[in-house]
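Work through the exercises below with the structure open beside you, and try each task before you read its solution.

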Amino acid sequence: MSACFFILYSHKKNSKMDQKIINLYDEYTHSQLSRKDFIRKLSILAGSTALAMTILPMLENNYAAAAEFNSDDIEVENITYTGIESEMKAVLAKPKGKKNLGCVLVIHENRGLNPHIIDVTKRIAAEGFLALGVDAISPFGGTPADEDKGRELIGKLDPEKNLQNYLSGLDYLRNRKDGNGKVGCVGFCWGGGMANKLAINDPKLQAAVAYYGAQANAADVPKIKASLMLHYAGLDERINAGIPAYEQALKDNKINYKIYIYDGVNHAFNNNTSPTRYNEAAAKLAWSRTIDLFKHKLAVLTR
């Protein structure tokens with residue numbers, strides 16, 4: 001059996017070799033590891049550069065492979081709102097002809113407002129919410145087509161200004177005439193970490209959902225007023241290392257929270273454009289739990 005066949009076949013078996021490759025890709029997407037160095041390391045694991053190039057499409061996001069979400073019941077538009085130093089770009093989606101809607105701010109991963117997160121925003125709208133997918137890279141002109149460039153620009157954002165831009169997004173939603181003033185947020189990966197930060201920094205936030213996101217500092221936990229829902233991937237050792245201290249702080253401060261760890265799945269398990277890491281069962285379960293929380297906390301009207 002060739003090395004290439006073993007790796008491709010073992011993808012379904014979640015073998016040790018396969019997990020090493022997934023872990024390498026996770027390192028690449030969450031660090032300053034250059035693409036050149038990533039390909040070099042991948043080639044070593046695969047056995048050759050040629051085999052690495054065969055594996056690469058299984059790791060990278062493939063937006064064309066995932067069916068775009070569409071619904072005749074929602075309307076979608078590109079909007080801007082006032083940020084700290086620039087206009088913030090965002091996609092807004094909501095049910096047609098509905099008012100008094102609970103609002104949800106959607107926070108993307110560390111590559112920017114890509115087609116997958118736009119789809120997530122539309123899916124939330126189809127559940128009966130006014131959803132706003134914010135482009136954090138707006139200060140640099142918006143999310144570029146090159147995802148590596150997007151990662152680079154994310155790293156150049158001023159952390160405090162970026163936080164304030166998202167807090168402004170929450171205020172934008174609260175002031176929408178078609179909203180009911182109740183606002184939650186949901187973030188993925190980099191956005192999951194931001195969801196935790198928004199819970200710390202916005203005492204009016206009703207609910208915050210973080211998918212495999214970095215935890216907030218334990219010392220800041222007493223500031224949280226929102227209900228938290230934290231989704232983690234069982235194989236995500238990098239992020240999961242922060243769970244014990246965070247959970248202890250949440251318990252000590254009597255914060256309303258729920259933690260779910262999905263066994264045997266990888267970081268980014270919700271991303272259906274990432275063929276190697278997406279896990280349909282875990283994604284559907286986490287999604288249903290997320291929507292139930294929003295329906296409970298944001299008082300969505302029955303359609």
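**Exercise 1.** Decide whether β5 is mostly covered or not, and count its buried residues.

*Solution.* Strand β5 is mostly covered, since seven of its ten residues are buried, where buried means under 20% relative accessible area with a 1.4 Å probe and protein chains only. The names of elements follow DSSP runs, numbered from the N terminus, with helices being H or I runs of at least four residues and strands E runs of at least two. Before going on, note that this is a predicted model, in which local features need pLDDT of at least 70 and side-chain atom pairs count only at pLDDT 80 or more, while totals for chains, interfaces and linings use all residues. Residues are numbered from 1 along each chain as its sequence is written, and side-chain values use heavy atoms, with hydrogens and water left out.

**Exercise 2.** Find the strands that pair with β5, and name the residues that stand opposite G187.

*Solution.* Two strands pair if DSSP finds at least two bridges between them. Strand β3 pairs with β5 in the parallel sense over six bridges, and within this pairing G187 of β5 is the bridge partner of I107. Strand β6 also runs parallel to β5, joined to it by five bridges, and here G187 stands opposite A210 of β6.

**Exercise 3.** Place these strands in the whole sheet, and explain why β1 and β8 have one side without a neighbour.

*Solution.* The open sheet has eight strands with mixed pairing, and their order is β1-β2-β4-β3-β5-β6-β7-β8. Because β1 (74–82) and β8 (257–262) stand at the edges and have a single partner strand each, one side of each is left without a neighbour in the sheet. From one strand to the next, the twist averages 20°. The partner of β8 is β7 (residues 227–233), which pairs with β8 in the parallel sense over six bridges, and H231 is found opposite Y260 of β8.

**Exercise 4.** Describe how α3 packs against α4, and sort the residues of the contact by class.

*Solution.* Helix α3 (residues 35–46) packs against helix α4 (residues 49–59) at an angle of about 110°, with the axes 8 Å apart; axes are lines fitted to C-alpha atoms, for helices over the stretch in contact, and angles run from 0 to 180 degrees between N-to-C directions. α3 is therefore roughly perpendicular to α4, a term that covers 65 to 115 degrees. The contact (heavy atoms within 4.5 Å) includes F38 and L42 of α3 and M53 and L56 of α4. By class, it has ten nonpolar, two polar and one charged residues, where Ala, Val, Leu, Ile, Met, Phe, Trp, Tyr, Cys and Pro count as nonpolar, Asp, Glu, Lys and Arg as charged, and the others, Gly among them, as polar.

Methods. Parallel < 35°, antiparallel > 145°, perpendicular 65-115°, else oblique. Buried < 20%, exposed > 50% of the residue type's maximum accessible area, 1.4 Å probe, protein only.
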